[in-house]
Amino acid sequence: MNLIETLQNLEPIFIEAGQLAYKMQKGVSNHSKHNTGNNVIDIVTEADLAVQEFLLEAISKTDLVNCCLMAEENTPSVKKFNEQGKYYLAVDPIDGTAVYAKGGPYFSVIISLHDGKKNLYTFIYFPVFNWTHRIINEKHSVEGKTPEFTLPTEYKNSIIYWTGDPEKTIPELYNELKNKGIIFTKIGQDVGSIAPFVLNRVVGIYKENINVYDGMVEFDIATARGLKIYSAGADGKLDLSNIKKREWGLYYPGYYLALNNNGK
């Protein structure tokens, strides 16, 4: 059995993990795992740890244990995986922890696999809505009912981003888009970035020094949809095998900007 088939067979476990997070949400305790001053980065809950260990315990019983694991939290089963594996398995037990800790619904479980060159598999599950996105070999499928949500009015004509400085990093592209009336808007913690982007509610998404655990999701969706993507890495090209470490975890040096169809 190949690794993609293995991941597909594990999807009921991924969904169960999401439902575990949902059940634990009410009254969940949290603390800071870093001291950056950015709540989106620093916060971790007891559910992040429990859900990740639930996932890794199941995954480690398959051939995926031979992968190089990129797990957001440091839980016991992390050490079972092969740091030298040629495939990279990323696990984000609760993407949107800041949203989750506030009792918000826009959090998800994210599992992804790549070979250092391109994405092979990504699974995103929003348990509150029972809403699933799956990208396999650049083909995107969706299951479940599309959630309803309201965004601030300025998001409508915006490229949204969490961190970084697009005006400084991509000045020419920044000004070109600005001249078209497109603005860059730093987003808050209520909805996250996946839902607004995937539902075409924003012009695009910008990510800089990209978090390995969840940061490539919109890139993978944009690639599968044939959308316009601008990207560059440390050596001029975004390189999934070039993984660096910072205080709050692993990242890919560089940036990407993906435009929805309303950004042309």
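## Where strands 3 and 4 meet

Let's start with one pairing in this predicted model. Strand 3 runs parallel to strand 4 (residues 88-95), and the two are joined over four bridges. Within that pairing, Ala71 has Val91 of strand 4 opposite it.

## The sheet around them

Zooming out, we come to an open sheet of six strands with mixed pairing, in the order 3-4-5-6-7-8. Strand 3 (68-71) and strand 8 (139-143) are at the edges; each has a single partner strand, so one side of each lacks a neighbour in the sheet. From one strand to the next, the twist averages 10°.

A helix joins the picture here too. Helix 4 (residues 46-59) lies across strand 3, strand 4 and strand 5 (108-114), and runs at about 145° to strand 4.

## Aromatic pairs

If you enjoy ring geometry, there is plenty to look at: the whole structure holds 10 aromatic pairs. One of them joins Tyr106 and Phe129 in a tilted arrangement, with 5.0 Å centre to centre and 40° between the planes. This pair links distant parts of the chain, 23 residues apart. Tyr106 belongs to the loop between helix 5 (97-101) and strand 5, while Phe129 belongs to the loop between strand 6 (119-126) and strand 7 (131-136).

Are these two rings' residues buried or partly exposed? Tyr106 has a relative accessible area of 8%, so Tyr106 is buried. Phe129, at 22% relative accessibility, lies above the 20% limit for buried residues and therefore counts as partly exposed. Another pair is formed by Phe126 and Trp131: the ring centres are 5.1 Å apart and the planes stand at 40°, so this pair is tilted as well. Phe126 and Trp131 are both buried.

## A cluster and two charges over rings

Beyond pairs, one aromatic cluster brings together Tyr161, Tyr174, Phe184, Tyr206 and Tyr255.

Charged side chains also take up places over rings. Arg201 lies over the face of Phe149, 4.6 Å from the ring centre. Lys228 places its charged end over the ring of Tyr230, at 5.0 Å from the centre of that ring.

## The two sides of helix 7

Which residues of helix 7 (residues 171-179) are buried? They are Leu173, Tyr174 and Leu177. Why do these residues share a side of helix 7? They cover an arc of only 105° around the axis, which puts them on the same side. Tyr174 is also one of the members of the aromatic cluster.

What do the buried residues of helix 7 pack against? Their partners are strand 9, helix 6 (166-169), strand 10 (183-186), strand 12 (228-233) and strand 14 (249-259). On the face turned away from the buried side, helix 7 carries the exposed residues Glu172, Lys178 and Asn179. Just after helix 7 comes Gly181, with a positive phi of about 90°.

## A buried serine in strand 9

Strand 9 (residues 158-161) is home to Ser158. Its relative accessibility is 0%, so Ser158 counts as buried. Which residues is Ser158 in contact with, leaving aside neighbours within four places in sequence? The contacts are Ile183, Thr185, Val202, Val203 and Gly204.

Key. Residues are numbered from 1 along each chain as its sequence is written. This is a predicted model: local features need pLDDT of at least 70, side-chain atom pairs count only at pLDDT 80 or more; totals for chains, interfaces and linings use all residues. Side-chain values use heavy atoms; hydrogens and water are left out. Two strands pair if DSSP finds at least two bridges between them. Axes are lines fitted to C-alpha atoms, for helices over the stretch in contact, and angles run from 0 to 180 degrees between N-to-C directions. Contact means heavy atoms within 4.5 Å. Buried means under 20% relative accessible area, exposed over 50%, partly exposed in between (1.4 Å probe, protein chains only). Rings of Phe, Tyr and Trp (its six-membered ring) pair if their centres lie within 6.5 Å; planes under 30 degrees apart count as stacked, over 60 as edge-to-face and the rest as tilted. A charge sits over a ring if NZ of Lys or CZ of Arg is within 6 Å of the ring centre and within 35 degrees of the ring normal. The arc is that of the directions from the helix axis to the C-beta atoms.
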